Every structure is written in C-alpha cells, then in structure tokens.
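Please open the model in your viewer and keep the sequence beside it. The tour below moves from one selection to the next, with a short account of what is found at each stop.

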Amino acid sequence: MNEISIRVIGIPGPQGSKTLTKYGAMMESSKKVRPWRDNVEKAGVECYNSGPINFPVKVDIEFMFPRPISHFRAGKFSHLLKDSSPKHCISRINGDIDKVARSTLDGLSVSAGGSVIEDDCLVVELYTKKRYVNKDELPGAYIAISSIND
C-alpha cells in the first residue's frame, strides 16, 4: 500500500467528555467534535476510495490551530506576533492531543461513519503533533496513513 495523504480543513475538535441530556441520552460536551469529524470523513472520501483498509497501519497526524487575536500586535503591526506569543499550541481551548486524535481516528473509521480504515483498532502506531497555523495556512490537519513494515 502506498501512503495515503489526507488534508483536512477546519478546526480540530477534541472528543472526550460526554454529558447526560435530560432525556437520558449521552451527548458530546464539545460542539466542535461533530463538525470536525464530518470534515475528516469528507476529506477521507475525497482522498481515498479504494475500499476500507483492513490491516494494521501507522497514522501520522499534524494538527494546525488558528492563533488567537491576542497573540498579535495592534495597529499597523497587527500582522506581527507579539514577542510573548507562545511557540507551542498548549491552550486548553484547543484540547488535549489525545482527544483530538480520538475524534480524527473516528472520522476515518468505517465503524464510526468514516470510509478509510475499517476500525481505528487497526491503528498500531500513532504519531501526533499540534501547532499553530503558519501565515497563509488554513487550520485543520495533515494525515498520513501507511502500512506497517514488519
């Protein structure tokens, strides 16, 4: 299998805690999860259509989050970052890396509505990274799926 490269555009949403509704159903706490998983599912369909993968794979995911306005200077220098702006994407608003990875893998999995991997239990190696977007880059993720070399 050649490496499958998928570019997802959107704001990555962490999948984690659930809340109980007044009707007894469980609902995702984060409103970002469903739109993000939909974006992952759509990008998966656009980039891969050879039937679901049903063997162990390695997945590399690089998440890109937009920088908040507070990271930038004001006035005519509003396009420049403040010296105090963090280099790494560690804001709690963006979510824990494992929870963002969980929603992304579910978006790829046929068992959860995706179309690329039969089930996310087939992911036996996972490398994730999160960062802020570079200039003129849209938020989202780069996903690479490859077979395991035994």
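Is E62 buried or partly exposed, and what is its relative accessible area? With the predicted model loaded, select E62: its relative accessible area is 22%, and E62 is therefore counted as partly exposed, since the buried class is kept for values under 20%.

Keep E62 selected and add K129, with which E62 forms a salt bridge whose closest N and O atoms are 4.0 Å apart. Because E62 lies in strand β4 (residues 57-65) and K129 in strand β5 (residues 123-132), this pair ties together parts that are 67 residues apart in sequence. K129, for its part, is partly exposed, at 38% relative accessibility.

Next, add R131, whose side chain meets that of E62 in a salt bridge of 2.5 Å, N to O. This pair also links distant parts of the chain, R131 being in strand β5 and E62 in strand β4, 69 residues apart. R131 counts as buried, with a relative accessibility of 15%. To see the wider arrangement, select E137 as well, for salt bridges that share partners join E62, K129, R131 and E137 into one network.

Now move to helix α1 (residues 33-47) and select D38 and R34, which are 4 residues apart there and so separated by about one helical turn. The two form a salt bridge, with their closest N and O atoms 2.7 Å apart. D38 is partly exposed, its relative accessible area being 36%, and R34 is partly exposed at 43%.

The stops on this tour are drawn from the 7 salt bridges found in a search of the whole structure.

Key:
Residues are numbered from 1 along each chain as its sequence is written. This is a predicted model: local features need pLDDT of at least 70, side-chain atom pairs count only at pLDDT 80 or more; totals for chains, interfaces and linings use all residues. Side-chain values use heavy atoms; hydrogens and water are left out. Helices (H or I, at least four residues) and strands (E, at least two) are DSSP runs, numbered from the N terminus. Buried means under 20% relative accessible area, exposed over 50%, partly exposed in between (1.4 Å probe, protein chains only).
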